[in-house]
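Thank you for making time for this one. I would like to walk through the model on the screen, going from its enclosed parts to its open spaces and then to its charged pairs.

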Amino acid sequence: MGNNSARDLFFQYIIGHAQEYDVYIVAADLRGKVFDQLCENSPSRFVQVGIAEQNMVAIAGGLALSGKRTFTYSIGAFLPTRALDQVRNAVSLMKLPVVMVAFEVGFGGGMYGATHFSTEDCSVISYCPGVEVLNLCDDGVAEEFAEYSLHAKSPIYLRIDRQSGLLEPCEKGIDWDKGFRVMKEGEGVVVLSYGYLMSLAFYAEFDMQPTIIDVFKRPFNEELLMGMLAPYDTIVVYEEQQVRAGIGSFLESLMFEHGINKRVILMGIDYHGEFPEECNNRGGWLEKYGISQKDLIRMVNRAFRIENS
């Protein structure tokens with residue numbers, strides 16, 4: 001997996017169409033080489049507010065109100081928490097098509113400790129009506145995500161990971177109305193994931209191949225997903241979010257509403273009442289909370305054994 005490749009591919013496309021779509025990017029203490037061309041050729045289109053996420057979102061909302069195609073760019077741990085008031089009232093309530101790009105999501109910033117965890121952001125943002133949550137984990141569709149963002153008619157919260165790679169799923173392209181895509185086909189067990197853990201699931205070597213689905217968008221088409229899950233005996237939800245703050249708990253309630261009785265295994269983060277005080281790398285955090293790639297392989301292999309016993 002490369003570093004920052006999905007982010008760079010996404011913003012290269014956006015910057016390449018900056019004049020055409022009247023694009024403005026408002027950042028909170030982040031930049032990167034990918035923005036050098038924009039800052040050199042059209043410096044007014046890149047607004048740096050420093051460590052001030054609330055101001056970033058408020059300024060972006062104002063620019064959107066004036067007809068600009070506006071993007072924000074900040075660390076995932078800070079945008080949905082520090083600027084929730086502005087996301088709610090200056091973007092969601094106003095129904096403004098601001099694209100809020102969150103970087104270093106999940107444990108992506110975990111080397112700095114719990115202050116830089118972004119493990120509840122999907123849940124926090126989902127409480128703001130009308131905001132779509134997108135997860136970009138595949139370099140191969142970065143430009144499709146960028147094109148979709150340039151034509152957004154409602155607010156978007158886009159999670160881009162520090163670590164990404166080029167995946168080759170069996171379902172090509174992105175169906176935005178559906179909101180999910182089949183990455184690998186199997187039977188008996190299905191794994192639902194997104195973001196960095198989607199890449200781990202995709203490359204995992206199981207004893208038997210489960211179906212792997214990338215849930216890249218919320219809201220997704222509920223009827224289609226429920227129909228997709230119907231043939232499977234076991235559903236594994238694998239996510240780098242707190243176990244009650246991700247799609248797993250939502251999926252359980254959705255299945256109950258649709259009268260679907262399946263075995264659901266939630267693989268998420270449980271802090272057991274307190275954040276950790278130490279620092280660690282991403283792999284260390286995944287191991288600590290039982291959601292490493294090895295943990296997923298053990299869980300899926302065990303599920304197959306149970307189904308075949």
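Let me begin with a term, because the first point depends on it: a residue is called buried when its relative accessible area is under 20%, and exposed when that value is over 50%, with partly exposed in between. Please also keep in mind that what you see is a predicted model.

With that cut-off in hand, look at helix 9, residues 195-203, where eight of the nine residues are buried, so this helix is largely enclosed by the rest of the structure. The buried ones are G195, Y196, L197, M198, S199, L200, A201 and F202. I will come back to this helix when we reach the pockets and cavities.

Next, the nonpolar packing. The largest nonpolar core holds 41 residues, and L192, L229 and L251 are the ones with the most contacts inside it. Helix 4, residues 53-65, contributes the largest share of this core, namely five residues. There is also a second, separate core of 37 residues, which includes I15, L30, V34 and V99. Going back to L229 for a moment, if we leave out residues up to four places away in sequence, L229 touches V190, L192, I213, I235, L251 and K262.

Now to the open spaces. The largest pocket has a volume of about 190 Å³, and of the 16 residues that line this pocket, the closest to its centre are Q163, Y196, R282, G283 and L286. Which elements supply at least two residues each to the lining of the largest pocket? They are strand 7, helix 9 and helix 12, the last of these spanning 282-288, and it is helix 12 that gives the most, with four residues. In terms of class, the lining of the largest pocket is made of five nonpolar, eight polar and three charged residues.

The second largest pocket holds about 160 Å³ of space. Its lining consists of S126, C128, P129, G130, V131, V133, R218, P219, F220, E222 and F250, and by class this comes to seven nonpolar, two polar and two charged residues.

Turning to the closed spaces, the count comes to two cavities of 30 Å³ or more. The largest cavity has about 40 Å³ of space and is lined by V105, G106, R159, D161, Y194, G195, Y196 and E240. Here we meet helix 9 again, since strand 7 and helix 9 each supply at least two residues of the lining of the largest cavity. That lining has three nonpolar, two polar and three charged residues.

For the second largest cavity, the space is again given as about 40 Å³, and its lining is C122, V133, N135, Y194, V215, K217, R218 and I247. Strand 6, at 132-138, and strand 11, at 217-218, each supply at least two of these residues, and by class the lining has five nonpolar, one polar and two charged residues.

That brings me to the charged pairs, of which I will show a few, the structure holding 15 salt bridges. R31 pairs with D36, the closest N and O atoms being 2.9 Å apart; R31 is partly exposed, at a relative accessible area of 40%, and D36 is partly exposed as well, at 33%. A second example joins the side chains of E171 and K178, at 2.6 Å from N to O, and in this pair both E171 and K178 are buried.

A third salt bridge links the side chains of R181 and D214, at 3.7 Å from N to O. Since R181 lies in strand 8, residues 181-184, and D214 in strand 10, residues 211-214, the pair ties together parts that are 33 residues apart in sequence. Both R181 and D214 are buried. Finally in this group, D22, R45 and K68 are joined into one network by salt bridges that share partners.

One last residue before I stop is H151, in the loop between helix 8, at 142-150, and strand 7, at 156-165. Is H151 buried, partly exposed or exposed? Its relative accessibility is 38%, so H151 counts as partly exposed. Leaving out residues up to four places away in sequence, H151 touches Y21 and R69; Y21 is 130 residues from H151 along the chain, and their C-alpha atoms are separated by 9.0 Å.

Note on methods:
Residues numbered from 1 in each chain as written. Predicted model: local features only at pLDDT ≥ 70, side-chain atom pairs only at ≥ 80, totals over all residues. Heavy atoms only, no water. Buried < 20%, exposed > 50% of the residue type's maximum accessible area, 1.4 Å probe, protein only. Contact = heavy atoms within 4.5 Å. Core = buried A, V, L, I, M, F, W, Y, C linked by side-chain atoms within 4.5 Å. 1 Å grid on protein atoms, 1.4 Å probe; cavity = no way out; pocket = protein on both sides within 12 Å on 5 of 7 lines; lining within 4 Å. Points joined across faces, edges and corners; volume = space filled by probe spheres on them. Nonpolar A, V, L, I, M, F, W, Y, C, P; charged D, E, K, R; others polar. Salt bridge = Lys/Arg side-chain N within 4 Å of Asp/Glu carboxyl O.
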